[in-house]
Amino acid sequence: MKNRVLIIDDEDQFRNSVKIALKRKSVDVFEEKDGFDGLKNIIFSRETNSFYDLIIVDILMPRVSGIDILEYLVDEQIDVPVIVVTGFMDYDLKFFCSMIKNLSVLEKPFHQQVLVDEVVRMLNFSENGATE
């Protein structure tokens with residue numbers, strides 16, 4: 001069964017390039033253009049038991065921020081690996097992210113291969129952790 005990854009980012013070019021790269025790794029990629037639609041997608045996936053194996057989320061987005069999405073995941077105790085991508089990293093964000101157990105932060109700009117490698121690493125860790 002293919003891994004399912006949700007990308008939540010308001011930059012079309014970023015979403016498209018990551019989607020292409022991950023599909024080459026045989027990952028099923030789903031995408032949302034902002035935090036509001038991303039949060040709706042996460043809620044729907046929870047209600048239908050069609051969970052994602054990993055979520056990639058930007059922090060600064062219109063309507064609903066990546067922080068709001070992370071808070072929802074924590075509040076609802078949804079245990080899914082998350083990669084935060086951001087061009088804005090401050091102490092408060094670092095502190096908040098440090099409290100989430102299966103989370104990685106990539107500061108923009110970064111090479112696309114760094115993100116792909118991190119996705120593969122986190123998916124492999126999640127799969128191996130579940131069987132050990």
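A contact here means heavy atoms within 4.5 Å. Show the whole chain to start: among contacts between residues at least 6 apart in sequence, 66% join residues at least 24 apart.

Before you click further, note that this is a predicted model, where local features need pLDDT of at least 70, side-chain atom pairs count only at pLDDT 80 or more, and totals for chains, interfaces and linings use all residues. Residues are numbered from 1 along each chain as its sequence is written, and side-chain values use heavy atoms, with hydrogens and water left out.

Now switch to cartoon. You'll find five helices and five strands, in the order β-α-β-α-β-α-β-α-β-α. Helices (H or I, at least four residues) and strands (E, at least two) are DSSP runs, numbered from the N terminus.

Next, select residues 54–58, which is strand S3. Its five residues are all buried (under 20% relative accessible area, 1.4 Å probe, protein chains only), so the strand is largely enclosed by the rest of the structure. Show the side chains: Leu54, Ile56 and Asp58 sit on one side, Ile55 and Val57 on the other.

Add residues 4–8, strand S1, which runs parallel to S3 and is joined to it by four bridges. Pick isoleucine 8 and you'll see that its bridge partner in S3 is valine 57. Then add residues 82–86: this is S4, also parallel to S3 over four bridges. Here isoleucine 56 has isoleucine 83 as its bridge partner. Strands count as paired if DSSP finds at least two bridges between them.

Finally, zoom out: the C-alpha trace spans about 35 × 30 × 25 Å along its principal axes, and 46% of the 132 residues count as buried.

Key
Buried < 20%, exposed > 50% of the residue type's maximum accessible area, 1.4 Å probe, protein only.
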